[in-house]
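Got your viewer open and a selection box ready? Let's walk through this one together, stop by stop.

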Amino acid sequence: MEPILTQNAQSGCLLVTDFDGIAISESEGKRIFGSWVACAIIKVFYIYHLRKKRSDTMKPRIIFFDIDGTLVPLKEGIRPRTVEALQKLRQNGIRLCIATGRTPMEMPKFEGVTFDALLTYNGSYCFTPERDIFKNLIPKEDIVTLRRNAAALGRPLALATDSRLVANGTEPDLEEYFAIGGVKLVVADDFDEVAQGEVFQVLMGGREEEYPAILNDVTHAKIAAWWDRAVDIIPANGGKGVAVEKVLEFYGIDKADSMAFGDGNNDIEMFGAVGTGVAMANASDRLKAVAADTCRDVKEDGVYWYCLEHGLL
């Protein structure tokens, strides 16, 4: 069992739990040993364990982070410890990359943090602050077919370009999907014109039982879903895994020297492309099954604690 060090917010008491099945609190230590001895025992056990874990941990040169459910809790704000972790990782010389289904226009701001690369649209559009790394487009014929299939299901859809995210209608599932990323659904008068240009991703409401109908006669696109009421549709030869490989090649970094944090099924391919994939406690069962390790829930600052306990901060 691994020890977990916590501190009572009201009493300030330290508590070590699950160390060889033993739980010792400072208040209990005072009764048995005296306060200073109790504190010493707690800290020695915890520090010993951390050092052991740190000696066994691969020190990555680059880390890829999903956003929703990984860096940011769904429908909640950015947590201070997450920002602190990113800042310290950066200070320690580790490259930081975002790997998300979000558009470039809806990136959250992490104060004091600059990312080396953004892998947006589930990896269909990857770029640094200075230049593009990789573009992967959905063929126009598949856009036509997807529009037909969506209409048959009575669902509107949205098209994502390098600078716009526009829809041809609205409905509750799609509106809530946009709201998760803090984006307002925009119905565009020039939707037909946008559909003739470069499209990296299609977004629409949809449940798993609708997937076959959504992709009916679609030959070069696939679904990358991380929410149970909507889908991202990306190029069939795309995904976060392909994008991670492109970024590693761009920076000249080996797979073994890379790490990723994620929580959704659309992170499965990404975990296969890195040396160590870490699933959040709130991650899907499918992702946990392929993860090399797990960390605490996003609402419990999972990324921060994992990096701290493994000597990355």
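The tour below goes from a sheet to a helix and then to some charged pairs, and the model you are looking at is predicted.

**Stop one: the sheet.** Switch to cartoon view and look for an open sheet of five strands, ordered β10-β9-β11-β13-β12 with antiparallel pairing. To find its edges, select 165-167 for β10 and 221-227 for β12; each of these strands pairs on one side only. From one strand to the next, the twist averages 25 degrees.

Now move inwards and select residues 201-205, strand β11, along with residues 230-235, strand β13: the two run antiparallel and share four bridges. Which residue is the bridge partner of Leu203 in β13? Click on Asp232 and you have found the partner.

**Stop two: a covered helix.** Select 302-309 to bring up helix α11, where seven of the eight residues are buried. Among them are the aromatic-named picks Tyr304, Trp305 and Tyr306, as well as Cys307 and Glu309. Just after α11, pause at Gly311, which has a positive phi of about 70 degrees.

**Stop three: charged pairs.** Across the whole structure there are 22 salt bridges. Start by showing the side chains of Asp68 and Arg102, which meet in a salt bridge at 2.6 Å, N to O. Asp68 sits in the loop between β4 and α3, and Arg102 in the loop between β5 and β6, so this pair ties together parts 34 residues apart in sequence. Are the two partners buried or exposed? Asp68 has 7% relative accessibility and counts as buried; Arg102, at 9%, counts as buried too.

Next, select Asp301 and Arg81, a salt bridge whose closest N and O atoms are 3.9 Å apart. Asp301 lies in the loop between β16 and α11, while Arg81 belongs to helix α3, so the pair joins parts that are 220 residues apart in sequence. Here Asp301 is buried at 7% relative accessibility, whereas Arg81 is partly exposed at 36%.

Stay on helix α3 and add Glu84 and Lys88, which form a salt bridge with closest N and O atoms 2.9 Å apart. They are four residues apart in the helix, so about one helical turn separates them. Glu84 is partly exposed at 26% relative accessibility, and Lys88 is partly exposed at 32%.

**Last stop: a network.** Finish by selecting Arg155, Glu171, Asp173, Glu176, Arg207, Glu210 and Arg229 together: salt bridges link these residues in a network.

Conventions: Residues numbered from 1 in each chain as written. Predicted model: local features only at pLDDT ≥ 70, side-chain atom pairs only at ≥ 80, totals over all residues. Heavy atoms only, no water. Pairing = 2+ DSSP bridges. Axes fitted to C-alpha atoms, helices over the stretch in contact; angles between N-to-C directions. Buried < 20%, exposed > 50% of the residue type's maximum accessible area, 1.4 Å probe, protein only. Salt bridge = Lys/Arg side-chain N within 4 Å of Asp/Glu carboxyl O.
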